[in-house]
Amino acid sequence: MRKNRTFKAVSLVVVVAFIFTVLAGCASQAPAEKPAVKKPIKIGMSICFTGTAAEKGQPIGQGELDAWKYINEELGGINGNKIEIVWYDTAYNAAIATTNVKKLMDDGCLFFTIVSSADATASKEAANKAGFPGLVIFSSPSLTNPPGRLYSQLPDYGDDWAAFCNYYLKNIWKGTGKPKMALAILSNSTGYGVRDAARVAADDLGIDIVTVEEHKTTTISEIDALTRIKAKNPDVLFIGSTPAPTSVILKNAYELKLTPGMTIACGHAGFTKALIDLAGKDISDGIYGVFPTVNWGDDVKGMPKMNEYCTANHKQYVGNNDYLCGWTASLINAEIIRQALKNSSLDVLAKGDATAWKIAEEKGFRMVKGYDVEGLHGPVDFSDPVDRRGSKSVKVFQIKNGEMTALTGWIDAPYIKYQ
Amino acid sequence: MSLPCGTRNYSYATDIAIIRTKTQWVMFIAFLLLIFSFPFYFPRFWLDVMNLIGITIIAIIGLNILVGYCGQLSIGHAGFMAVGAYTTAILTANFQIPFLLALLLSGIAAGLIGLLFGVPSMRVKGFYLAITTIAAQFIIIWIINHWTDVTKGSMGLGVDAASIGPLSFDSEASQYFLIISITALCVLFATNLARSRAGRAFIAVRDNDLAAEVMGINVFSYKLLAFFLGCFFAGIAGSLFAQWRGHITPEDFTFQQSILYIGILIIGGLGTSIGPIIGVVFIRLLEQFVTLLAPLVERSFPDIPSGFATGLSPMVFGLVMVVFLVLEPRGLAHRWNLFKASYRMWPFSY
């Protein structure tokens, strides 16, 4: 028995001493060990290929990867340097999105892109804390206000709403006083981006928000919410959601005979070819939408090459503007790397460590000024220290005979001050 | 507790000890050394995964007390975690309360909210009680989304890194030590609770509440105690989650997560001490495995149709879960016990 007690005592002392030694290390803030230096520059991607937003994640992700294929294989990389792509699926799951961003840091990526605002929300703090810059393709105001390490490729969901309000007041509204608007929004950062902008800017724009109804990505009926909306008799319904729930709302609105008649508009998260496919040509006809890119097939410089790659590799996404957003995200990434290489060296950037991240942000992102994405969307500018939106313009579209038809040229999406 | 042949009790102290034999002590010490040395050889990503595992273990331990031991089905556990997370965020940011106190208060706040939703357990049980806990999930998240003056709604709240005196837990490695230490304490508490008077009462209530009442157990108060403790652990897990993530929004605590937690507990093994740990480790590692699988498949087989590799991940995840439930319905804990038993008899089986 005595031997046993001595053995236990010695063991405990060893463990306690070990734990104290280890805890002493907590006072220091030394970062985790970096992987060995590798020659190519690596770019990380965190994409919601699966999960409840896969109908957007798939075309965007494939667009991104196809554009890199084009840059690496056809253009020979950037300044002759091939870029290595590291990508992971988030499954539209916040916990996985958080660990993915750390994995991309460990993998030695120079910066990363992330598709959805919900995934970006989960990754934001880790990126900000480590100083790891990222490009968010579909963004929400909460990601870039206050400004951190995340940059938004396109105007955010709040900007969509503001731009549509301006268009509506100038071109559609024929009544007197303030038009009454109802919001049907997704209960995550996609929808709340619209709600937050409406809270801040509705009065200034001259819009009366009569009700805000929330829904889930998995919704199969919005009859209840639309019945409440109908009771408020709004002039216009703005939907801030992804394609699947938006199609449910449009079908239910048709069943309740809200359409045709009431003006309905969608933000860019839901206004895509997938919406027409899901809701059907008849039901989606006449719906307005805001989108921050040109339409598929428009006569702009970058369209033929993108169309060629999409047709060759992912025929099912031809005509899908989400693919276009993914494609342009990679063109912007290439421009960021080009700028960073101009102001630094390949060896430094290829390390993918904290120093390289800082250079990527200061000498890469911030040096992108008025970059024309081959005409596929508005020019990209990240030089403003406060306004972290790259492109600042959108177009208003309307679905006519199953096609998204542009009603306007580029409309400025003014910066909304949230603080 | 099953023990190796020849293990005898010479005193009450040895009878109640969790670790009994020299081999168990050696393995326990080796395990501790292994666990606490992880930060020296694992990169940031894996430490982060292990931090998430530690936090989830605490949450599942709470759910195990509620569902596994006491038989009160709860499908709103992520909501109770949200209470703990937001309590920590608000207390540390607005009132500068030290982390450890905020951690404790977060557990208590979640426990009290849990008590509130546990009251219907006096009248309803089974699936009907599950519905009330689903309501808890949605009500809590709705309040967080709409009480914007305090919670900042969808914008979320920033949470400073935890600190205890001069120790600051702001790196993955230091967070790991904090989370693993608190997880170990929670595991110890839950293991002992299961062997206490309250633990036995929980099991009696779970197995037959009428018989338990006839034996003199106050069923309602023990059900409430289970709700308090279960949600207390959820609050602690939420608090650690908040400081681990550094920024919380209502989207971090979804209904799908609550469902996943039930799944983890079933896969691990309901009503066992080891079940929650094995279940969490298995599911969290499986999540990471399927995340890494898709790019690997696409790189290895470039000619496969577009979208196949990414569609493979959820299929593998679902398939593995189904296979485990079919082959081992009593959970991985049962498989672990079978392994231990065969190891003890090796090489001479009876």
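I took helices (H or I, at least four residues) and strands (E, at least two) as DSSP runs, numbered from the N terminus. Axes are lines fitted to C-alpha atoms, for helices over the stretch in contact, and angles run from 0 to 180 degrees between N-to-C directions.

I note that this is a predicted model, in which local features need pLDDT of at least 70, side-chain atom pairs count only at pLDDT 80 or more, and totals for chains, interfaces and linings use all residues. Residues are numbered from 1 along each chain as its sequence is written, while chains are lettered from A and ligands numbered from 1 in the order in which they are written.

**Entry 1: a helix pair in chain B**

I looked up helix α8 (residues 172-194) and helix α11 (residues 219-245) of chain B; their axes come within 11 Å and cross at roughly 175°. The two helices are therefore roughly antiparallel to each other (angles over 145 degrees count as such, under 35 as roughly parallel, 65 to 115 as roughly perpendicular and the rest as oblique).

Which residues meet here? From α8(B) I list B:Q175, B:I179, B:I182 and B:C186, and from α11(B) B:F233, B:I236, B:L240 and B:W244. Contact requires C-beta atoms, placed from the backbone, to lie within 7 Å. I find seven nonpolar residues, one polar and no charged in this contact. Ala, Val, Leu, Ile, Met, Phe, Trp, Tyr, Cys and Pro count as nonpolar, Asp, Glu, Lys and Arg as charged, and the others, Gly among them, as polar.

**Entry 2: the parallel sheet of chain A**

I traced an open sheet of five strands in the order β2-β1-β3-β4-β5, with parallel pairing (two strands pair if DSSP finds at least two bridges between them). β2 (83-89) and β5 (150-152) of chain A each have a single partner strand, so one side of each is left without a neighbour in the sheet. Neighbouring strands are turned by 25° against each other on average, direction ignored.

At one edge, β4 (residues 134-136) pairs with β5(A) over three bridges, and A:G134 has A:L150 as its bridge partner. Helix α13 (residues 321-343) of chain A packs on this sheet, touching β1 (41-47), β2, β3 (109-114) and β4; the direction of α13 makes about 155° with that of β4(A).

**Entry 3: antiparallel strands around β11(A)**

I then followed β11 (residues 393-400) of chain A, which pairs in the antiparallel sense with β10 (residues 288-291) over four bridges. A:F291 is bridged to A:K395. β11(A) also pairs with β13 (residues 411-412) over two bridges, where A:V394 has A:I411 as its partner.

With β12 (residues 403-406), β11(A) forms four antiparallel bridges, and A:Q398 stands opposite A:T405. Their hairpin has two residues between the strands, and A:N401 takes a positive phi near 55°.

Technical notes:
Two residues are in contact if their C-beta atoms, placed from the backbone, lie within 7 Å.
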